[in-house]
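Trainee: I am new to this structure and would like to look through it with you. Could you show it to me?

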Amino acid sequence: MNKFQALGLNDAILQAVADMGFTEPSDVQEQAIPVLLKDDTDIVALAQTGTGKTAAFGFPLIQKIDANSKTTQGLILSPTRELCLQITKEIQAYSKHVRGVNAVAVYGGANIQEQARQIKRGAQIIVATPGRMMDMMRRKMVDISQINYCILDEADEMLNMGFYEDITTILADTPEHKNTWLFSATMPKEVARIAKKFMKSPIEITVGTKNTGAANVSHEYYLVNARDRYQALKRLADANPEIFSVVFCRTKRDTQKVAEQLIEDGYNAGAIHGDLSQNQRDLVMKSFRNRQIQMLVATDVAARGIDVDDITHVVNYQLPDEPEIYTHRSGRTGRAGKTGISIVIVSKSEVRKIKQIEKIINKKFTQKDIPTGMEICEVQLMHLANDIKDTKINHEIDPYLYSINEVLEGLSREEIVKKVFSVEFTRFFNYYKKTKDLNTEVAAQIKEASGDSTRYFINVGAKDNFDWMSLKDFLKELTGLGDGIYRVDCKDSFSFFNTDTEHKDTVLALFQDFKLQGRDIHVEITNDTRGGGGGGGKKHKGRGKGRKDGSSGRNKDKSFSKKRGEGNNRSERRGSNDSGGKAPFSGKRRRRERN
Ligand code: AMP
């Protein structure tokens, strides 16, 4: 007897289990299925998405309904259209070998008459979003007065989305004798309230500890200056060339903006949020599923229906307002037995939120450093090597081999390898060699805030043929402080730099009556802790016009529907500025072109 058989499932379902290739029941299945099959009971199950909860209620539901009757016997309420469709698909797959079972999806944004027709044909199971369900009830297109089972899936999310009234109205139309099965990732007060009000002594099942994030997800945070958030995101993507991720933003506007910026910088990105039409959302989801999109930037609501199992990283570009929502976000990865990483990019002022989340998920975060330019170069170089190794040879090249060999004659294998790699590496290296270490930036700001670090103004800049690296070298040599000189920001006619406060007197003394090529050089302490986002700080106004390095220079009129790849020329023109330029490699696209 296999383990699914032991749960009490019948042959038709066991056949579907075998078809789906499930070998072992998941935790929630093991706990819920025998109880639901044996007893007519209410149940509250705390389980994340990705734990196999759809089958945990789907299998018993299918087994318990009367497939010979066309009456609606089971109602599943789910928060979003995407999830509603996903559940329907799963139920259809699980009931493949049970004759006569019909599960119909009912959701907004699609033709209501058509949905009503499908129900009329006989739907023992209806999977619905609360809003559309209410609509159909008002129009008498559904009859749920005979149902035996009502399943509230992702109850916490439905309540988050403001469906409390709808749910209570719908439940009021169902018979008293029915059983209610409530599934939720978390147990906020509102969910407990629903359970108390509508359920009769429910059996409680918890997968893992209450409110715990999925076991195979690790949690990392990266501390950066708020203005470096986007650069941090790009570096994390560059350091993970195989990234397949959902990037969460708080608002629709930010979601759209970050996606546009990523696309412009040459990444395979897309946005999903409520301002897109259903058709646009479907297209984006299709591209994500087939991996044309590696970074899907999403709002919390729009991401609820993402039914993709292999997400490697969840990126919290901004933390959610409610720490509980973090559990939902991180639950997008580490699904179906895979491991996943949930990343949070935080600024100083948000670090305390990490502590709150740790309490909720009952897990510790690891603080990590944003990869440096050289670390990224190394990762990308090895990725390129593997990519070359795995590339299928295109024999269309064969006729040209002779000519190619002629061109390359006289070069050793080593030279050819070096040259091939240099084509990509040089571009990448040139991009990153001028970028700053984002970790030093934020560490310095923290030090500044505590008075342990001092920021100086100096009246030389790009006009004096300095860039931040040459100025840093100059200051390092002059002061003898080596890496004690940091956060060098080179503007047009002036610059900023930092040292630890203990060196303050030495630095100031050194620049007393200091001349460089006959010119008086002034150094003074500044309160401008930014010294990089735009022009100079207030204190130095008028000394020179700051170059607007911090502004992205993006084309504001750019339409989101721009074809991928168009960003290339633009970014190359823009050059290697960390505030803008395209990622020199953006893995997948080029590989697809090669294959
Ligand atoms: P869910 O939590 O219901 O969204 O399920 C997440 C994914 O796990 C879906 O793709 C299911 O098809 C899959 N799944 C469900 N049960 C099992 C199982 N026992 N073994 C392997 N995969 C499963």
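Trainee: What area does the protein chain expose, and what percentage of it do carbon and sulfur atoms supply?

Mentor: Welcome! This is a predicted model in which local features need pLDDT of at least 70 and side-chain atom pairs count only at pLDDT 80 or more, while totals for chains, interfaces and linings use all residues. Residues are numbered from 1 along each chain as its sequence is written, and side-chain values use heavy atoms, with hydrogens and water left out. Accessible areas come from the Shrake-Rupley method with a 1.4 Å probe, and for residues only the protein chains shown count as cover. The protein chain exposes about 27800 Å², and the share from carbon and sulfur atoms is 49%.

Trainee: What percentage of the residues in the protein chain is buried?

Mentor: Buried means under 20% relative accessible area, exposed over 50%, and partly exposed in between (1.4 Å probe, protein chains only). Of the 595 residues in the protein chain, the buried share is 52%.

Trainee: Which helices each supply at least two residues of the shell around the ligand?

Mentor: Helices here are DSSP runs (H or I, at least four residues), strands are runs of E (at least two), and both are numbered from the N terminus. The shell holds 17 residues, counted when one of their heavy atoms lies within 4 Å of the ligand. The helices that each give at least two of them are α4 (53-64) and α5 (81-94).

Trainee: How far is an oxygen atom of the ligand from a backbone N or O atom of threonine 51?

Mentor: A polar contact is a pair of N or O atoms within 3.5 Å; within protein, one must be able to donate a hydrogen and the other to accept it, and residues adjacent in sequence count only if both atoms are side-chain atoms. Lysine 53 also places a backbone N or O atom 3.3 Å from a ligand oxygen. For threonine 51, the distance is 3.1 Å.

Trainee: Why does lysine 368 count as partly exposed?

Mentor: Let us place the residue before giving the value. Lysine 368 is in strand β14 (residues 366-368). It counts as partly exposed because its relative accessibility is 34%.

Trainee: Which residue's side chain makes a polar contact with the side chain of lysine 368?

Mentor: Leaving aside neighbours within four places in sequence, lysine 368 is in contact (heavy atoms within 4.5 Å) with Glu220, Tyr221 and Tyr222. Its C-alpha atom is 5.4 Å from that of tyrosine 222, although the two are 146 residues apart along the chain. The side-chain polar contact, at 3.3 Å, is with glutamate 220.
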